[in-house]
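I open this notebook to record what I looked up in the structure shown below. The entries follow the order in which I looked.

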Amino acid sequence: MADKTVFTPDMKFVRELREAGADTMKKCYQCATCSVVCPLSPDDKPFPRKEMVMAQWGLKDELVKSADIWLCHNCNDCSKYCPRGAKPGDVLSILRKSVIQENAFPKFMGKIAGDPKNIWQALAIPVVLYIIVLAVTGHLGIPEGEVVFSKFFPVHYIDQIFVPLSALAVLMFAISISRFWKNLGGSSEMKPKAAFLPSFIETLKEIMTHAKFRKCDESKDRAVAHMLVFYGFIGLAITTAWAVFNLYVLQWESPYPANDPDIVALFGGSETVPMIIRVVFKIFANISAVALLAGGGLVIANRLKERGVETVTSTFDWVFAGMVLLVGATGMLAQMFRVLDFATIAYLTYFMHLVFVFYIIIYIPYSKLAHFVYRTVAITYTKMLQRDVEM
Amino acid sequence: MSVETILIVGGGISGITAAVEAAEVGYNTILVETNPYLGGRVAQLNKYFPKLCPPYCGLEMNFRRIKPNPRITVYTMTEVENVSGQEGDYTVKLKVSPRYVNEKCTACNACAEACPVETSNDFNFGMDRTKAIHLPHEMCYPMRYVLDRDVCTDSSCDKCVQACKYDAIDLSMKPETVEINVGSIVYATGWKPYEAEKMDNLGFGSVKNVITNMMMERMASPNGPTKGRILRPSDNKEVKKVLFAQCAGSRDENHLNYCSAICCMASLKQATYIREQYPDSKVVVSYIDLRTPGKYEDFLNRIEGDENITLMKGKVAKIEEDPGTGDVIVTAEDVEGGEKIYEKVDMVVLATGMVPSVSEDASLNFEENGFILAGKSPGVYSTGVAKRPSDVTSSIQDATGAALKSIQSLVRS
């Protein structure tokens with residue numbers, strides 16, 4: 001033969017996949033039922049059959065370049081019809097986790113946040129950090145009087161921790177994603193046919209409506225749960241941005257008094273308008289938190305539910321689902337205990353809340369939450385290739 | 001001293017072989033069959049692979065060996081009700097259902113002409129109809145009509161009795177219980193086709209022009225519902241493009257977790273039926289792996305040489321009907337080409353697998369897929385497809401072996 005293709009199986013990668021829970025992949029005998037029953041798979045070079053053989057052969061270099069694994073929304077129609085119990089749905093989910101870790105910058109962060117075994121270390125970092133900050137500034141202790149969280153952990157300290165660390169996380173994420181983008185581009189003979197911007201806008205529209213997610217036959221209910229978490233997060237991001245705007249632009253320290261003369265003056269002497277804004281702000285924040293909690297609860301309920309197809313949720317996924325729920329729950333509880341004036345428990349819950357928020361935000365480039373960027377980027381890329389299914 | 005008789009349960013090609021082989025070396029055999037005829041699944045086939053000769057040739061030779069041999073007793077329409085005893089001395093209760101037609105029958109068809117009731121023809125998988133009184137099929141052994149009393153609409157109707165000039169019909173026949181004494185037992189109970197309706201993505205039952213491989217055998221048989229013409233069910237149109245969907249429910253943990261061993265060769269064989277009948281026809285065989293072991297590879301090579309036959313790696317996972325034309329739209333991933341294909345064909349043949357006919361019996365041990373390993377007590381054996389999925393040739397060889405084993409059991413006990 002004139003042309004020779006030499007594959008070098010990466011046995012370590014195969015082992016890692018199996019340890020992460022993709023141990024069923026070896027059962028696949030390449031019948032391609034999965035590629036046909038998948039409602040999201042394109043006609044040309046459909047997935048997940050080819051990814052299954054790549055995973056079996058340990059073709060890590062190919063898989064890290066795959067945009068297709070991000071088109072999969074884990075609806076598990078493939079796993080239901082799989083004649084061998086190879087569970088392509090679960091395998092692809094673990095491949096996505098591997099790609100997040102593979103592109104992670106710096107790598108060791110990917111290892112810490114990506115391996116569920118390290119959860120305690122990952123949580124210990126913010127705990128230690130907070131305690132040091134509080135001790136050094138002389139805030140270690142439960143403040144007297146009315147429960148005001150900023151008395152316990154001044155907002156400025158929080159911001160001084162979170163703003164630079166978040167900026168760092170964003171930077172690291174940007175590096176990881178640029179690696180990913182470069183990998184995608186080097187993936188195949190397929191060349192982009194469409195421009196970036198229209199493809200990106202199209203992708204955003206699709207994500208906002210969850211159009212792809214809702215195409216899944218086997219587990220439509222998952223789209224609802226995901227949508228709640230998704231909009232919960234967006235709502236809380238807006239809330240945070242609002243608070244930051246109040247604090248740093250308007251110089252209103254939260255909780256700002258509605259009868260503050262400066263604020264009242266700003267609204268032409270009316271105390272009602274700032275009061276309404278404050279109430280709306282609170283309601284908006286609470287609705288977002290409830291959406292997050294309800295969605296998180298549903299995600300877990302759906303994963304536990306018997307779905308006519310046996311699927312395994314990887315520990316990586318469980319940790320993230322749990323974390324979402326914990327952020328929501330500690331936030332709501334902290335607010336509740338504050339209102340009820342249970343000082344000690346309120347401050348402790350608030351402390352825990354900050355630990356979980358740290359986990360979610362600072363580990364964003366390495367945790368399951370990273371999928372929101374990876375997926376957006378990959379879908380945009382497939383739209384540029386024009387190999388996406390009709391919506 | 002043991003009873004010098006062997007009971008063979010199942011009168012298909014395996015059971016017949018075991019009975020004849022044992023009888024021809026001097027042992028008494030009792031051959032029990034539930035159908036009103038011998039020959040089992042082989043009787044339904046159009047051609048054997050790989051020689052593509054008619055199965056009736058082989059069956060007739062065996063019937064010719066049974067007929068004059070006083071050591072072979074044949075019971076048709078009979079089931080084994082109970083087995084007791086031990087190796088060398090089993091007592092078996094047989095339940096014989098009434099045929100309502102005795103040995104005076106000359107197969108003149110006068111009764112069927114007079115019969116007012118039609119019923120679905122199971123021998124042809126419901127693709128045509130027969131009268132309540134009918135000949136099971138043209139070449140059946142024994143060559144005798146049978147009355148399906150369950151479908152007679154009027155219990156007082158005796159039009160068939162009136163029409164028979166030979167006094168061969170007796171409506172007063174009753175079920176009988178026969179008790180026999182045997183030294184050893186061979187289960188050659190064979191198989192039934194897997195129920196194709198169970199694959200909800202393959203359209204059988206809802207897409208009219210989707211048939212099974214066994215239906216194809218009947219359709220292609222000169223004594224079948226279309227007298228051998230391969231026509232699609234919805235409009236009796238000649239088929240110009242046919243797709244064979246391999247492993248339809250086989251090697252699939254949701255259906256049959258094993259390979260039925262014969263479907264690849266059966267589909268390749270059936271491809272020749274279509275190619276011979278319609279020289280301009282096209283055939284696609286969609287497979288996971290083509291399992292044509294040993295000398296069957298020569299047959300595969302021959303098929304590959306036909307440029308109108310495409311062998312495509314990739315399992316069919318979706319079958320839909322084109323409502324306007326009745327054509328069938330098949331979706332698969334062509335694994336070698338790396339893209340999804342949407343084939344529009346006249347008819348689809350599902351290569352459905354073999355399910356053991358007997359998969360529950362307290363006196364037998366079964367393997368994980370439900371095939372019979374052997375009896376729980378010694379002197380009880382299985383053979384043919386009752387034991388494992390296999391083709392006719394291997395079944396016959398295995399049955400000869402089973403005959404020897406059962407003889408050894410008699411000699412031993």
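Entry 1, the sheet. In chain B, I looked up an open sheet of five strands, ordered β3-β2-β1-β11-β24, with parallel pairing. I take strands (E, at least two residues) and helices (H or I, at least four residues) as DSSP runs, numbered from the N terminus. Two strands pair if DSSP finds at least two bridges between them. The edges are held by β3 (72-75) and β24 (380-382) of chain B, each with a single partner strand, so one side of each has no neighbour in the sheet. On average, neighbouring strands are turned by 20° against each other, direction ignored.

Entry 2, the model. I note that this is a predicted model, in which local features need pLDDT of at least 70, side-chain atom pairs count only at pLDDT 80 or more, and totals for chains, interfaces and linings use all residues. Residues are numbered from 1 along each chain as its sequence is written, while chains are lettered from A and ligands numbered from 1 in the order in which they are written. For chain B, the average pLDDT (the predictor's confidence in each residue, from 0 to 100) is 96, and 100% of the residues score at least 70. The predictor gives the complex an ipTM of 0.88 and a pTM of 0.90.

Entry 3, one strand pair. I looked up β1 (residues 5-9) and β11 (residues 184-187) of chain B, which pair in the parallel sense over four bridges. Leu7(B) has Ile185(B) in β11(B) as its bridge partner.

Entry 4, the chain contact. I found that chain A and chain B each give 17 residues to the contact (C-beta atoms, placed from the backbone, within 7 Å). On the side of chain A, helix α2 (residues 33-37) supplies the largest share, four residues.

Note on methods
Two residues are in contact if their C-beta atoms, placed from the backbone, lie within 7 Å. Axes are lines fitted to C-alpha atoms, for helices over the stretch in contact, and angles run from 0 to 180 degrees between N-to-C directions.
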